[in-house]
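Please read the report below alongside the sequence and the coordinates. It moves from single residues to the overall fold.

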Amino acid sequence: MEGILDVLNSDIGKSIINGVSGTTGTDQSKTNSVLTMALPVLMKAMERNASTPDGAQGLMGALNSKHDGSILDNLSGLFDGGVDNAVKTDGSKILNHVLGSKQQGVQQVIGQKAGLDAGTVSSIMEVAAPILMGILGKQARQNNLSSQNDIGNLLGGMLGGSSAGQEQNFL
């Protein structure tokens, strides 16, 4: 299974970085830096949420319905002319659900490390969160995931050793 940081280094990852960068008006290298820090943090928070039956059921429901991976089928269309507000609103809801009260702190720490203000980091994360959910949804579909264990294994596998506990610094 491909790790989340491997995805960022792939062709689809480069499309995501270019698109998010263009949408938020942020330098590509800084966007890449934010995504490299933020995506593992989001996945670690999702993994923690999915460790309970209710959390796993909620995540599986979201992956089976709204976040099935179809967002990845037309990334150029997603980013052409800017990402629409529905995607950003969805991203905001995902961030609020996954990070809760820690959201602002996470964004401030990532912003300090990336050399950006927390508002810019927030914008990047709002666009990236639905895409991350799409990546997870696509993986869940391809691997026929259906249980709490399955989703936990998917998240853990995609996190791999990519940032070796760095996520804990944010959460």
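Gln103 has its place in helix H7, which covers residues 103–114, in what is a predicted model rather than an experimental one. With a relative accessible area of 13%, Gln103 falls under the 20% cut-off and is therefore buried. Its C-alpha atom lies 25 Å from that of Phe79, although the two residues are 24 residues apart in sequence.

A contrasting case of sequence and spatial separation is offered by two glycines. Gly160 and Gly3 are 157 residues apart along the chain, yet their C-alpha atoms are separated by 6.2 Å. Gly160 belongs to the segment that comes after H9, and its relative accessible area of 53% places it among the exposed residues.

**Helix H8**

Helix H8 runs over residues 118–142, and its 25 residues should span 36 Å at 1.5 Å a residue; the C-alpha atoms at its ends are 35 Å apart, which agrees with that expectation. The helix nevertheless bends by about 30° at Ala128, and a proline, Pro130, follows within four residues of that position. At the N-terminal end of H8, Asp117 acts as a cap, with a side-chain oxygen placed 3.0 Å from the backbone nitrogen of Gly119. Most of H8 is covered, since 19 of its 25 residues are buried.

Beyond the other end of the helix, in the loop between H8 and helix H9 (148–159), lies Asn144. Its phi is near 50°, which is a positive value in a residue other than glycine. As background to that value, most residues other than glycine have a negative phi. Asn144 is also exposed, with a relative accessible area of 64%.

**Charged pairs**

How many salt bridges does a search of the whole structure find? The search finds two, and they are set out here with the N to O distance of each pair.

| Acidic residue | Basic residue | N to O distance |
|---|---|---|
| Glu47 | Lys44 | 3.1 Å |
| Asp90 | Lys66 | 3.4 Å |

The Asp90 and Lys66 pair links distant parts of the chain, 24 residues apart: Asp90 sits in helix H6 (residues 85–99), whereas Lys66 sits in the loop between helix H4 (53–64) and helix H5 (75–79). The two partners also differ in their surroundings: Asp90, at 12% relative accessibility, counts as buried, while Lys66 is exposed, with a relative accessible area of 55%.

The Glu47 and Lys44 pair, by contrast, lies within helix H3 (residues 28–49), where the two residues are three residues apart, about one turn of the helix. Why might two such positions be able to meet? An α-helix has 3.6 residues a turn, so residues three or four places apart point the same way. Lys44 is partly exposed, with a relative accessible area of 26%. The side chain of Glu47 has a further neighbour, for one of its polar atoms lies 3.5 Å from the backbone nitrogen of Gly156.

**Core and overall fold**

Which residues have the most contacts inside the largest nonpolar core? They are Ile4, Leu99, Met125, Ile131, Leu136 and Ile151, in a core that has 54 residues. The largest share of this core, 12 residues, comes from H8. In soluble globular proteins, nonpolar side chains tend to be buried together.

Taken as a whole, the protein has nine helices and zero strands, so that its pattern, read along the sequence, is α-α-α-α-α-α-α-α-α. The C-alpha trace spans about 40 × 35 × 25 Å along its principal axes. A compact globule with 171 residues would have a radius of gyration near 16 Å, and the 15 Å of this protein agrees with that figure. Of the 171 residues, 47% count as buried.

Note on methods: Residues are numbered from 1 along each chain as its sequence is written. This is a predicted model: local features need pLDDT of at least 70, side-chain atom pairs count only at pLDDT 80 or more; totals for chains, interfaces and linings use all residues. Side-chain values use heavy atoms; hydrogens and water are left out. The expected span of a helix is 1.5 Å times one less than its number of residues. The bend at a residue is the angle between axes fitted to the seven residues ending there and the seven starting there. Buried means under 20% relative accessible area, exposed over 50%, partly exposed in between (1.4 Å probe, protein chains only). A polar contact is a pair of N or O atoms within 3.5 Å; within protein, one must be able to donate a hydrogen and the other to accept it, and residues adjacent in sequence count only if both atoms are side-chain atoms. A salt bridge is a side-chain nitrogen of Lys or Arg within 4 Å of a carboxyl oxygen of Asp or Glu. A nonpolar core is a set of buried Ala, Val, Leu, Ile, Met, Phe, Trp, Tyr and Cys residues joined through side-chain atoms within 4.5 Å. The radius of gyration is taken over C-alpha atoms; the globule rule is 2.2 Å times the number of residues to the power 0.38.
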